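Biologist: Got a minute to go through this one with me? Please put it on the screen.

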Amino acid sequence: MTVALTILFIVTVGLDVVGQLFFKLGLMKLPPRQAHDHLGVFWKRVFSSSLLWAGIATYALELGLWLALLANAPLSFIFPLASLGYVGVLVASRIVLKETISPRRLAGALLITLGVAIVYIGGQG
């Protein structure tokens, strides 16, 4: 993978992580759902959240960049690499949201990273 495609890939994974953070932070700021609220009330609140719209915009940008990446690299190569997004979300959840990361989750993230390294070292061929 060329340097330009590698940078493009890193940006798409980063946007995926940031988009997930926007979604989570936006939902955390919504008022709690009341027992008498119907689903329409929830969705009205969701669509009035600027953080959720930021997540949607981030995902739209990511989609455009992902399509550019797909046009220039084999899907069977880059899609497994995209699982680094899971690791990025795990790290960001700990740092930004102060979530607890269990040893089992950490082990899973390390296995994902190992798998990505194996795919990347193997190259596109």
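Biologist: Which residues form one aromatic cluster?
Modeller: Phe 42, Trp 43, Phe 47 and Trp 53 do. Keep in mind that this is a predicted model.

Biologist: How are the rings of Phe 47 and Trp 53 arranged?
Modeller: Their centres are 5.8 Å apart and their planes are at 45°. Tilted pairs lie between the 30 and 60 degree limits, so this pair is tilted.

Biologist: Is Phe 47 buried or exposed?
Modeller: Phe 47 has 45% relative accessibility, so it counts as partly exposed. Trp 53 is also partly exposed, at 43%.

Biologist: How many aromatic pairs are there?
Modeller: The count is five. One of them is Phe 23 with Tyr 59.

Biologist: What is the geometry of Phe 23 and Tyr 59?
Modeller: The ring centres are 5.1 Å apart, with the planes at 70°. Edge-to-face needs an angle over 60 degrees, so the pair is edge-to-face.

Biologist: Where do those two sit in the chain?
Modeller: Phe 23 is in helix α1 and Tyr 59 is in helix α3. They are 36 residues apart, so the pair links distant parts of the chain.

Biologist: And what about the accessibility of Phe 23?
Modeller: Phe 23 comes out at 21%. Buried means under 20%, so Phe 23 counts as partly exposed. Tyr 59 is partly exposed too, with 27%.

Biologist: Back to the helices. At what angle do α1 and α3 pack?
Modeller: About 160°, with the axes 8 Å apart. That angle makes α1 roughly antiparallel to α3. Helix α1 covers residues 3–28, and helix α3 covers residues 50–70.

Biologist: Which hand is the crossing, left or right?
Modeller: Left-handed, as α1 passes α3.

Biologist: What classes of residue make up the contact of α1 with α3?
Modeller: There are 20 nonpolar, six polar and two charged residues in that contact.

Biologist: Now the whole chain. How many helices and strands are there?
Modeller: Six helices and zero strands. Along the sequence, the pattern reads α-α-α-α-α-α.

Biologist: What is the radius of gyration?
Modeller: The protein has 17 Å. A compact globule of 125 residues would have a value near 14 Å.

Biologist: What box do the C-alpha atoms fill?
Modeller: Roughly 55 × 35 × 20 Å, taken along the principal axes.

Biologist: Last one. What share of the residues count as buried?
Modeller: Of the 125 residues, 28% do.

Key
Residues are numbered from 1 along each chain as its sequence is written. This is a predicted model: local features need pLDDT of at least 70, side-chain atom pairs count only at pLDDT 80 or more; totals for chains, interfaces and linings use all residues. Side-chain values use heavy atoms; hydrogens and water are left out. Axes are lines fitted to C-alpha atoms, for helices over the stretch in contact, and angles run from 0 to 180 degrees between N-to-C directions. Helices (H or I, at least four residues) and strands (E, at least two) are DSSP runs, numbered from the N terminus. Angles under 35 degrees count as roughly parallel, over 145 as roughly antiparallel, 65 to 115 as roughly perpendicular and the rest as oblique. A crossing is left-handed if the near helix is turned anticlockwise from the far one by less than a right angle, and right-handed if clockwise. Ala, Val, Leu, Ile, Met, Phe, Trp, Tyr, Cys and Pro count as nonpolar, Asp, Glu, Lys and Arg as charged, and the others, Gly among them, as polar. Rings of Phe, Tyr and Trp (its six-membered ring) pair if their centres lie within 6.5 Å; planes under 30 degrees apart count as stacked, over 60 as edge-to-face and the rest as tilted. Buried means under 20% relative accessible area, exposed over 50%, partly exposed in between (1.4 Å probe, protein chains only). The radius of gyration is taken over C-alpha atoms; the globule rule is 2.2 Å times the number of residues to the power 0.38.
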